[in-house]
Number of protein chains: 2
Amino acid sequence: MKSGLSFLVAARQCEIAELEQLAQTGELVGVLSRLTHALQRERGLSNVVLASRGERFAHQRLRQADACLQVEQEVRGTFDQLDTDANGARNGARLFSRIAVVLHALDDLPDLRKRIAAQALTPQEATEAFSRLIAGLLSVVFEAADTATDPEISRALVAMFNFMQGKEFAGQERAFGAAVFASGHIDAPGQHQWHDLIESQEGCFRIFRDFANAAVLGAERSSQDPGVLADLEKLRRVGSALLGEVRLDPSLSQVWYDCCTHRIDAMKTVEDLLSTELRRLCGRKITDARAQLRDQQAVLATLTHAATLAAPGVPAPYGPHLERSILDMVQEQSRRLQAISSELDTVRASLNERKVVERAKGLLMAHRQLSEEDAYRTLRQMAMNQNRKLSEVAASVLAIEHALSNSAA
Amino acid sequence: MKSGLSFLVAARQCEIAELEQLAQTGELVGVLSRLTHALQRERGLSNVVLASRGERFAHQRLRQADACLQVEQEVRGTFDQLDTDANGARNGARLFSRIAVVLHALDDLPDLRKRIAAQALTPQEATEAFSRLIAGLLSVVFEAADTATDPEISRALVAMFNFMQGKEFAGQERAFGAAVFASGHIDAPGQHQWHDLIESQEGCFRIFRDFANAAVLGAERSSQDPGVLADLEKLRRVGSALLGEVRLDPSLSQVWYDCCTHRIDAMKTVEDLLSTELRRLCGRKITDARAQLRDQQAVLATLTHAATLAAPGVPAPYGPHLERSILDMVQEQSRRLQAISSELDTVRASLNERKVVERAKGLLMAHRQLSEEDAYRTLRQMAMNQNRKLSEVAASVLAIEHALSNSAA
């Protein structure tokens with residue numbers, strides 16, 4: 001029969017296996033961050049191309065599409081290296097189905113680019129297609145953050161996810177503003193949407209700051225050029241104040257694009273540091289866990305030796321000293337894992353707002369036969385009308401649908 | 001390169017593997033429930049033996065110890081059948097270290113029984129030793145509930161855990177009351193402890209009722225004999241009102257024990273039903289998931305066939321009809337898993353109070369060098385003094401210790 005100590009060693013080995021899988025996830029998150037960045041640039045350029053009827057950025061867009069293709073190959077390669085064997089993969093169900101969504105969207109990219117080249121899409125349609133793909137990439141990072149089994153790594157992933165999501169809102173703002181300046185026109189819902197994009201960015205960066213470590217926070221503080229930020233705020237004011245028939249110099253579109261790009265490129269250096277720190281953290285955790293496993297195995301070897309010296313049939317072959325040290329090890333490990341589990345719950349709570357919104361969206365899609373965009377737009381419209389936060393409206397939707405489905409059952 | 005569809009199939013296979021592991025956990029929970037029940041009886045009998053200086057129940061105690069030994073062998077056998085390979089085990093770290101604690105406590109049982117036979121322990125010491133072991137068994141069930149990846153199974157496990165925990169408080173009350181009646185004496189802290197045991201039972205049964213299905217709820221309602229419950233309440237009143245020098249007929253100890261045993265044995269029938277329902281649920285879920293996997297694989301086969309007919313190098317070999325059905329499958333699966341994840345968070349939230357108490361206990365043990373019992377007693381004392389719930393006091397302890405350790409760092 002297996003002893004308590006052999007389960008203790010098995011528990012530690014499981015921890016190491018989980019950490020090794022997390023390290024693989026860390027690599028994946030790094031390459032997803034690069035593809036997201038490249039696609040964000042392509043989205044911004046495509047928008048200007050479409051809004052200017054092909055007059056601006058046509059060449060840059062083609063070059064950026066080539067750059068995206070290269071990183072896409074890397075992402076596909078990393079997906080291929082994932083262990084998809086059902087018995088080896090932890091939390092595989094959610095991660096793999098997110099990846100399936102991403103691969104499907106990547107397969108659609110060549111067609112999207114053809115239609116952009118043929119000016120067969122509005123800027124808004126192109127933005128939505130790119131944004132959907134990027135949302136898929138971010139969902140993979142979200143899954144990684146939500147299922148990580150080590151609190152420190154989970155914190156790093158939550159910081160990474162929120163930074164990437166904040167940067168994505170900044171990218172959406174770049175594309176949105178570029179189209180506004182290029183067309184010289186904005187309406188009231190457009191102004192509201194612009195405001196939302198700014199609010200959402202700030203919300204993400206607040207969570208990022210709660211979870212990032214000191215090195216990353218320092219890098220973030222020094223990454224942004226105050227002059228660029230002042231220009232950005234000025235352009236935001238000018239652009240979002242445009243109403244109705246007032247027309248603006250379309251060349252401001254370029255100024256806006258450059259200013260946003262400056263800011264987003266600076267964010268990219270922070271994201272790279274987050275990615276490096278994440279990989280370093282995984283490496284350190286694995287080293288620590290292996291060292292502790294070696295210590296436990298040394299005790300196990302001593303005990304096995306003591307057992308062979310004892311008379312057969314004697315129930316407790318270890319001396320009181322060893323007996324105590326096993327008990328200590330067993331209790332210490334159990335307490336440590338308990339503390340880890342509570343801490344994980346705390347870190348993951350920060351991801352709940354997003355889950356509530358996603359779930360409300362899913363319910364609206366299923367019960368009201370809406371597309372994903374329409375479900376999201378409906379929620380945003382409700383939030384706007386009721387002057388409440390998106391996550392509050394989503395929580396109400398869930399409560400109401402839940403009550404309705406219970407009374408129907 | 002792997003396609004989106006192959007990740008979709010991998011995701012489904014992971015789900016099935018998780019369900020199969022849950023089914024194994026369901027078996028484990030069933031046999032743990034039987035060992036818990038047997039040990040609860042032995043604890044109650046041992047208490048009367050010790051409190052009556054060996055005059056009462058000595059023979060029954062020995063018979064019950066034999067019964068425990070048999071179930072213990074079954075539990076050890078089930079532990080042995082668990083797959084402890086680090087790559088196959090899901091959530092292994094926490095589950096296995098809980099099992100390590102349990103095995104260690106089981107190894108100590110023969111010694112505990114010897115000391116009870118020799119009257120070398122107080123009733124309280126014996127109760128604590130048995131309760132510690134039972135708490136370990138319940139922790140294994142708790143881990144299973146907290147890490148289950150299917151919301152319906154998680155609900156069933158939460159119901160099961162809370163019922164077992166409520167029954168355990170009922171068992172502690174039986175042992176506690178038996179000692180009070182046998183000795184004919186109770187003091188003020190003792191009265192408070194008796195009150196706590198009743199409150200804790202009721203809290204657990206409330207959560208059980210929130211999560212159990214209709215069949216189990218019906219069985220629970222009809223399981224209890226109202227006459228027995230009336231006797232119980234009367235004895236509770238008589239026993240907990242005893243103060244100071246008033247002495248009572250020690251034979252009430254037997255009446256109390258029989259009354260509690262009636263009630264607890266009736267609970268056992270509900271627990272058995274919970275266990276049966278859990279196994280049936282796991283079986284049904286696995287069948288469903290396999291059927292859905294077969295459907296997906298049929299689509300995959302059609303697509304592979306379509307791909308072989310297409311010209312080489314053509315990027316999208318599927319017709320628009322199949323293209324759409326893949327997209328639907330991918331999106332449907334992703335939404336379903338998202339909804340599952342939110343639902344799981346909701347179910348697991350019901351386990352949080354216990355986690356907070358466990359974690360506060362762990363902190364007190366680590367920072368103040370207290371034993372587990374002393375840490376728990378300290379928390380209970382604080383709750384009594386401040387007239388607050390145990391979980392509220394535990395949350396304050398966590399907040400204070402967290403603030404202190406942050407200011408020290």
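Guide: Buried, as I'll use the word, means under 20% relative accessible area. And keep in mind that this is a predicted model.

Visitor: Okay. R76(A) and E72(A): buried or exposed?

Guide: Both R76(A) and E72(A) are buried. Their side chains also meet in a salt bridge, at 3.1 Å from N to O.

Visitor: Where do R76(A) and E72(A) lie?

Guide: Both are in helix 2 of chain A, four residues apart, or about one turn of the helix.

Visitor: What else does R76(A) meet in a salt bridge?

Guide: D107(A), with 2.9 Å from N to O. D107(A) sits in helix 3 of chain A and R76(A) in helix 2, so this salt bridge ties together parts that are 31 residues apart in sequence.

Visitor: And why does R76(A) count as buried?

Guide: Because its relative accessible area is 12%, and the cut-off for buried is under 20%. D107(A), at 44%, is partly exposed.

Visitor: How many salt bridges are there over all chains?

Guide: A search of the whole structure turns up 62. One of them joins R279(A) to E27(A), whose closest N and O atoms are 3.8 Å apart. That pair links distant parts of the chain, with R279(A) in helix 10 of chain A and E27(A) in helix 1, 252 residues apart. R279(A) is partly exposed at 34% relative accessible area, and E27(A) is partly exposed at 43%.

Visitor: Which residues are linked in a network of salt bridges?

Guide: In chain A, there's a network made up of R94(A), R98(A), E143(A), D146(A) and K355(A).

Visitor: Switching to the interface. How many salt bridges does the rule find between chain A and chain B?

Guide: Zero. Polar contacts do turn up there: four residue pairs, both partners at pLDDT 80 or more.

Visitor: Which helices of chain A supply the side that touches chain B?

Guide: Helices 1, 2, 3, 11 and 12 of chain A each supply at least two residues. Helix 11 gives the largest share, 14 residues. By class, that side of chain A has 23 nonpolar, 19 polar and 17 charged residues.

Visitor: What's the area buried between chain A and chain B?

Guide: About 5,200 Å², with carbon and sulfur atoms giving 59% of it. The contact takes 59 residues from chain A and 59 from chain B.

Visitor: New topic, aromatics. How many aromatic pairs over all chains?

Guide: The search finds 20. Take W194(B) and W256(B): they form an edge-to-face pair, 5.4 Å centre to centre with 75° between the planes. W194(B) is in helix 7 of chain B and W256(B) in helix 10, 62 residues apart, and the pair links distant parts of the chain.

Visitor: W194(B), buried or exposed?

Guide: Buried, with a relative accessible area of 1%. W256(B) is buried too, at 0%.

Visitor: Which residues do ring pairs link into a cluster in chain A?

Guide: F176(A), F181(A), W194(A) and W256(A).

Visitor: Last one. What is K285(A) in contact with?

Guide: Leaving aside neighbours within four places in sequence, K285(A) contacts L19(A), D150(A), E152(A) and I153(A). K285(A) is in helix 10 of chain A and is buried, at 16% relative accessible area.

Visitor: And V75(B), what does that touch?

Guide: V31(B), L32(B) and L35(B), not counting residues up to four places away in sequence. V75(B) lies in helix 2 of chain B, and its relative accessible area of 0% makes it buried.

Note on methods: Residues are numbered from 1 along each chain as its sequence is written. Chains are lettered from A and ligands numbered from 1 in the order in which they are written. This is a predicted model: local features need pLDDT of at least 70, side-chain atom pairs count only at pLDDT 80 or more; totals for chains, interfaces and linings use all residues. Side-chain values use heavy atoms; hydrogens and water are left out. Contact means heavy atoms within 4.5 Å. Buried area is the accessible area (1.4 Å probe) that two parts lose on being put together, summed over both. A salt bridge is a side-chain nitrogen of Lys or Arg within 4 Å of a carboxyl oxygen of Asp or Glu. A polar contact is a pair of N or O atoms within 3.5 Å; within protein, one must be able to donate a hydrogen and the other to accept it, and residues adjacent in sequence count only if both atoms are side-chain atoms. Ala, Val, Leu, Ile, Met, Phe, Trp, Tyr, Cys and Pro count as nonpolar, Asp, Glu, Lys and Arg as charged, and the others, Gly among them, as polar. Rings of Phe, Tyr and Trp (its six-membered ring) pair if their centres lie within 6.5 Å; planes under 30 degrees apart count as stacked, over 60 as edge-to-face and the rest as tilted. Buried means under 20% relative accessible area, exposed over 50%, partly exposed in between (1.4 Å probe, protein chains only).
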